[in-house]
Amino acid sequence: MYRKSAWNKYKDKAPVMEFCEGYKEFLSYGKTERLVAEEGVELLKKAGFVDGSEVKSIKPGDKLYFVNRNKNIAAFIIGSKPLAEGLRILGAHIDSPRLDLKENPIYEDSGFVLGDTHYYGGVKKYQWVTIPLALHGVVVKKDLTKVKIDIGEDPSDPVVGITDLLIHLSADQLQKPAAKVIEGEGLDISLGSIPLEGEEKEAAKKNVLNILKEKYDIEEEDLVSAEIEVTPAGKARDYGLDRSMVAGYGHDDRVCAYTSLKAILDTEAPEYTSVCILVDKEEIGSVGATGAQSLFFENLIAKLAKLAGLDNPMLAAREIFENSKMLSSDVSAGFDPLYASVNDPKNAAYFGNGLVFNKYTGSRGKSGSNDANPEYYAWIRRTMDEANVHWQNAELGKVDQGGGGTIAYILGNYNMNVIDAGIAVHNMHAPMEIVSKVDVYEAYLGYKAFLLAKD
Ligand code: MN
Ligand code: MN
């Protein structure tokens with residue numbers, strides 16, 4: 001249901017605008033989960049958080065962080081209440097849909113050098129052609145040294161991209177359904193076209209490999225043990241003549257990651273231990289060592305129990321989880337007047353209406369959703385209203401329309417109270433996604449209120 005705009009709360013809009021300047025910077029740098037983890041750790045260190053792997057014991061007020069394989073981080077502020085009384089957990093994911101270079105990516109055809117990709121997460125493939133793209137990631141060489149790749153963000157850098165057929169010759173292509181206009185194997189990026197002097201075969205490819213060798217000291221075969229992500233190039237920017245929105249790549253779900261992180265950075269002396277966990281691999285099912293299904297988080301809580309001197313830390317971790325409350329934060333589908341028919345307008349998320357709560361996500365019978373308990377939801381309502389946070393409720397589109405999942409059900413398995421919360425997005429999973437600045441700010445306020453709320 002469209003409610004009063006949260007902008008009305010702010011006669012002076014400067015706090016909202018200023019907060020989003022920080023967010024734009026964060027989003028512009030954090031093009032991959034590794035880069036977000038890296039800048040997350042920077043922010044934590046600056047705020048006095050210390051590397052938890054070097055800590056020998058914990059006491060109330062201590063601030064620590066842990067990093068899992070460079071792609072998944074968790075931050076804690078130890079509360080004044082015993083750990084066993086539970087944690088207040090903010091969780092979000094920091095991976096976003098993109099294209100990944102294949103293990104054997106580079107080939108030459110007709111004097112043209114191309115890089116083969118496999119897309120990651122759900123993408124409308126036709127959205128990724130004819131736009132400037134950047135390359136970010138790492139190559140790990142056989143001697144285990146790691147090379148950081150970063151091409152296409154500096155204005156003096158070249159960009160790469162994917163070609164599309166000219167309109168003049170598209171009679172056949174335009175008859176295809178949208179899912180087939182551009183196919184997965186057609187998402188190959190253009191890398192070069194100058195032949196290496198004195199070479200007969202694959203001369204242009206050899207030239208590109210030489211450039212990689214010179215700049216990064218890597219060989220073609222090193223690309224097997226690499227993680228090079230192809231993302232939209234360029235910075236996040238203000239959107240709309242009134243600058244009310246931010247356009248950028250990766251709002252899903254770095255917008256919830258940033259607001260969650262800022263909430264814990266700006267929290268002092270909580271009663272309940274505050275946690276912010278940022279996970280990888282949500283877009284492909286929360287799998288793997290750095291995804292939400294990994295035992296990393298469970299092991300970490302056991303480690304914390306041990307540092308707090310509790311007997312039987314594994315069992316203590318279970319009890320801590322059972323008494324915890326969580327906001328599983330992920331973006332919501334923002335109601336778009338151009339595509340109104342996919343939503344139930346009474347239960348849709350609107351730009352400018354603040355932090356979105358989803359009792360359940362899923363689709364067609366709530367399949368795969370967490371479906372939060374009303375007892376917990378009522379506590380959330382009270383907490384948000386007492387802190388004067390502008391919030392709304394939504395489900396993901398009409399019942400039979402489609403749907404999607406989040407990490408909520410995974411943490412729900414620990415028998416804790418979890419509800420989905422987040423920020424409405426337009427163009428979700430497109431190279432350019434849009435959020436409302438005031439929603440970003442209300443989310444931050446809501447997350448902070450959650451960490452400090454009374455039971
Ligand atoms: Mn998401
Ligand atoms: Mn997503």
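The following dialogue goes through the metal site, the domain interface and several salt bridges of a predicted model.

Student: What makes His93, Asp252 and Asp330 donors of the manganese ion (ligand 1)?

Tutor: A donor is an N, O or S atom within 2.8 Å of the metal, and the NE2 atom of His93 and the OD atoms of Asp252 and Asp330 lie 2.1 to 2.5 Å from the manganese ion (ligand 1), so they count as donors by that cut-off. Asp330 appears twice in the list of donors, each time with an OD atom, and along the sequence the donor residues follow the spacing H-x158-D-x77-D. Histidine 93 belongs to strand 4 (residues 87-93) and aspartate 252 to helix 5 (residues 251-265), so this pair ties together parts that are 159 residues apart in sequence.

Student: How do you know that histidine 93 and aspartate 252 are buried rather than exposed?

Tutor: Buried means under 20% relative accessible area; histidine 93 has 1% relative accessibility and therefore counts as buried, and aspartate 252, at 3%, therefore counts as buried too.

Student: Which residues coordinate the manganese ion (ligand 2), and at what distances?

Tutor: Asp252 (OD), Glu283 (OE), Glu283 (OE) and His429 (NE2) coordinate the manganese ion (ligand 2) at 2.1 to 2.6 Å, and their residues are spaced D-x30-E-x145-H in sequence. Aspartate 252 sits in helix 5, while glutamate 283 sits in the loop between strand 13 (273-279) and helix 6 (296-307), so the pair, 31 residues apart, links distant parts of the chain. Both aspartate 252 and glutamate 283 are buried.

Student: Why is aspartate 252 called a bridge between the manganese ion (ligand 1) and the manganese ion (ligand 2)?

Tutor: Aspartate 252 coordinates both ions, which are 3.3 Å apart; its OD donor is listed for the manganese ion (ligand 1) and also for the manganese ion (ligand 2).

Student: How are domain 1 and domain 2 laid out, and how far apart are their C-alpha centres?

Tutor: The domain assignment gives domain 1 as 6-96 + 249-452 and domain 2 as 98-232, with their C-alpha centres 33 Å apart.

Student: What describes the interface between domain 1 and domain 2?

Tutor: The size of an interface is often given as the accessible area lost when the parts come together. Between domain 1 and domain 2 about 1,500 Å² is buried, with carbon and sulfur atoms giving 49% of that area. In terms of contacts, 20 residues of domain 1 meet 16 residues of domain 2. The interface also holds five salt bridges by the rule and ten residue pairs in polar contact, and helix 2 (residues 33-46) supplies four residues, the largest share of the side of domain 1 that touches domain 2.

Student: What makes the pair of glutamate 227 and lysine 71 a salt bridge?

Tutor: The rule asks for a side-chain nitrogen of Lys or Arg within 4 Å of a carboxyl oxygen of Asp or Glu; the closest N and O atoms of glutamate 227 and lysine 71 are 2.7 Å apart, so the pair satisfies that cut-off. By this rule the count comes to 29 salt bridges.

Student: Why is the pair of aspartate 238 and lysine 437 said to tie together separate parts of the sequence?

Tutor: The side chains of aspartate 238 and lysine 437 meet in a salt bridge, with 2.8 Å from N to O. Aspartate 238 lies in strand 11 (residues 237-239) and lysine 437 in helix 10, so the pair ties together parts that are 199 residues apart in sequence. Aspartate 238, at 24% relative accessibility, counts as partly exposed, whereas lysine 437, at 1%, is buried. Both residues also belong to a network of salt bridges that links Glu21, Lys24, Asp238, Arg243 and Lys437.

Student: How do you know that lysine 366 and aspartate 371 are partly exposed?

Tutor: Partly exposed covers the range between under 20% for buried and over 50% for exposed; lysine 366 has 35% relative accessibility and therefore counts as partly exposed, as does aspartate 371 with a relative accessible area of 26%. These two residues form a salt bridge whose closest N and O atoms are 3.0 Å apart.

Student: Why is glutamate 442 called buried?

Tutor: Its relative accessible area is 0%, so glutamate 442 counts as buried. Glutamate 442 is found in helix 10 (residues 437-452), and the residues it touches include Lys9, Tyr10, Asn388 and His390, not counting residues up to four places away in sequence.

Key:
Residues numbered from 1 in each chain as written. Chains lettered and ligands numbered in written order. Predicted model: local features only at pLDDT ≥ 70, side-chain atom pairs only at ≥ 80, totals over all residues. Heavy atoms only, no water. Donors = N, O, S within 2.8 Å, 3.2 Å for Na, K, Ca; no water. Helix = DSSP H or I, 4+ residues; strand = E, 2+ residues; numbered from the N terminus. Buried < 20%, exposed > 50% of the residue type's maximum accessible area, 1.4 Å probe, protein only. Domains from an automatic or database assignment. Contact = heavy atoms within 4.5 Å. Buried area = accessible area lost by both parts, 1.4 Å probe. Polar contact = N/O pair within 3.5 Å; in protein donor to acceptor, adjacent residues only side chain to side chain.
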